[in-house]
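Student: Could you take me closely through the sheet of this model, strand by strand, and then show me what packs around it? I would like one connected account rather than a list.

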Amino acid sequence: MTRLLPEPQYEHGSAERTAVLLINLGTPEAPTPPAVRRYLKEFLSDPRVVEIPRALWWPILNGVILNTRPKKSAEKYAAIWTPDGSPLKVHCEKQTKLLRGFLGNCGHHVVVEYAMRYGHPSIADTLARLKSEGCKRILLMPLYPQYSSSTTATALDATFGWVSKLRNQPEIRAIRSFADDPGYIDALANSVR
């Protein structure tokens, strides 16, 4: 039986808000073996990422990978880590801020936030915060141009897993892919030029 999450008290006359949630893969919290181990465990435990039967995969993951890979991966993360943190998180924060400003300049009164599928800020925590701030409509924007089960689908799984526990659900829409969008193609062409 699914336990429903408690709902905040409804206030009459409160303005409904719309949010855009940018979703990225995720990153360890620090370039250290313990942080990388936590990140890899969450990431590689997802059946959409590793489609091997659990009985076969679990001993490999817990017996080999999580005991050998975190140290090597932490060294590689440390080589690219910036003073502001993980490059993925830093760029995601920057994209969020720029999109928020762009939409605001265009006259759209929307909340723009980001979440990570694995790590922090998590999809569930960010959605809970958006809902508590009165966002009744949320557009999900997984930041993967083409659809894949191991990227877009798992982000949507995490979203709808959270939504399934709510008594009063917000309206959720999702962008499935944008690899063939003219604006995206123009941006790629401009970056090549």
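Tutor: In this predicted model, leucine 139 has arginine 173 of S4 as its bridge partner, and that pair belongs to the junction of S3 and S4, two strands that run parallel and are joined by four bridges. S3 and S4 are also the two strands of a right-handed β-α-β unit, in which the helix is H5.

Seen as a whole, the sheet is open and consists of four strands in the order S2-S1-S3-S4, with parallel pairing. S2 and S4 are the edge strands, each pairing on one side only, and neighbouring strands are turned by 25 degrees against each other on average, when direction is ignored.

Moving from S3 to S1, one finds two parallel strands joined by seven bridges. Within this pairing, leucine 21 has leucine 140 of S3 as its bridge partner, while isoleucine 23 is matched in S3 with proline 142. On to S2: S1 and S2 pair in the parallel sense over eight bridges, with valine 20 standing opposite valine 112 of S2 and asparagine 24 standing opposite methionine 116 of S2. S1 is mostly covered, in that seven of its 10 residues are buried.

The helices can now be placed against this framework. Helix H1, made of residues 33-44, lies across S1 and S2 and runs at about 90 degrees to S2. H3 also packs on the sheet, where it touches S1 and S2, and its direction makes about 160 degrees with that of S2.

Helix H5, which spans residues 149-163, has a set of buried residues consisting of Thr151, Thr152, Ala153, Thr154, Ala155, Leu156, Thr159, Trp162 and Val163. Their cover includes strand S1 (17-26), strand S2 (110-118), helix H4 (123-132), strand S3 (135-142) and strand S4 (171-174), so that the helix of the β-α-β unit is covered in part by both strands of that unit, S3 and S4.

How are the nonpolar side chains of this region grouped? In soluble globular proteins, nonpolar side chains tend to be buried together. Here the largest nonpolar core has 17 residues, and those with the most contacts inside it are Leu21, Leu130, Ile138 and Leu140. S1, S2, H4, S3 and H5 each supply at least two residues of this core, and H5 gives the most, with four residues. Two of the residues with the most contacts, Leu21 and Leu140, are the bridge partners already met between S1 and S3.

Isoleucine 138 deserves a separate look: leaving aside its neighbours within four places in sequence, isoleucine 138 is in contact with Ala19, Leu21, Leu127, Leu130, Pro170, Glu171, Ile172 and Arg173. Among these contacts are Leu21 and Leu130, which are themselves named with Ile138 as having the most contacts inside the core. A second, separate core has 12 residues, including Leu40, Phe43, Val50 and Ile65.

Two loop positions complete the close view. Serine 86 is found in the loop between helix H2 (54-80) and helix H3 (87-105), and serine 86 counts as buried because its relative accessibility is 5%, under the 20% limit. The side chain of serine 86 makes a polar contact, at 2.8 Å, with the side chain of threonine 27; apart from neighbours within four places in sequence, serine 86 is in contact with Thr27 and Trp81. The other position is proline 121, in the loop between S2 and H4, where the peptide bond from histidine 120 to proline 121 is cis, with omega near 0 degrees. As a general background, most peptide bonds are trans.

To set the sheet in its chain, the protein has six helices and four strands, which follow the pattern β-α-α-α-β-α-β-α-β-α when read along the sequence. Of its 193 residues, 36% are buried. Among contacts between residues at least 6 apart in sequence, 74% join residues at least 24 apart. The C-alpha atoms fill a box of roughly 55 × 55 × 35 Å, taken along the principal axes.

Methods
Residues numbered from 1 in each chain as written. Predicted model: local features only at pLDDT ≥ 70, side-chain atom pairs only at ≥ 80, totals over all residues. Heavy atoms only, no water. Buried < 20%, exposed > 50% of the residue type's maximum accessible area, 1.4 Å probe, protein only. Contact = heavy atoms within 4.5 Å. Polar contact = N/O pair within 3.5 Å; in protein donor to acceptor, adjacent residues only side chain to side chain. Pairing = 2+ DSSP bridges. Axes fitted to C-alpha atoms, helices over the stretch in contact; angles between N-to-C directions. Right-handed = clockwise from strand over helix to strand, strands pointing away. Core = buried A, V, L, I, M, F, W, Y, C linked by side-chain atoms within 4.5 Å.
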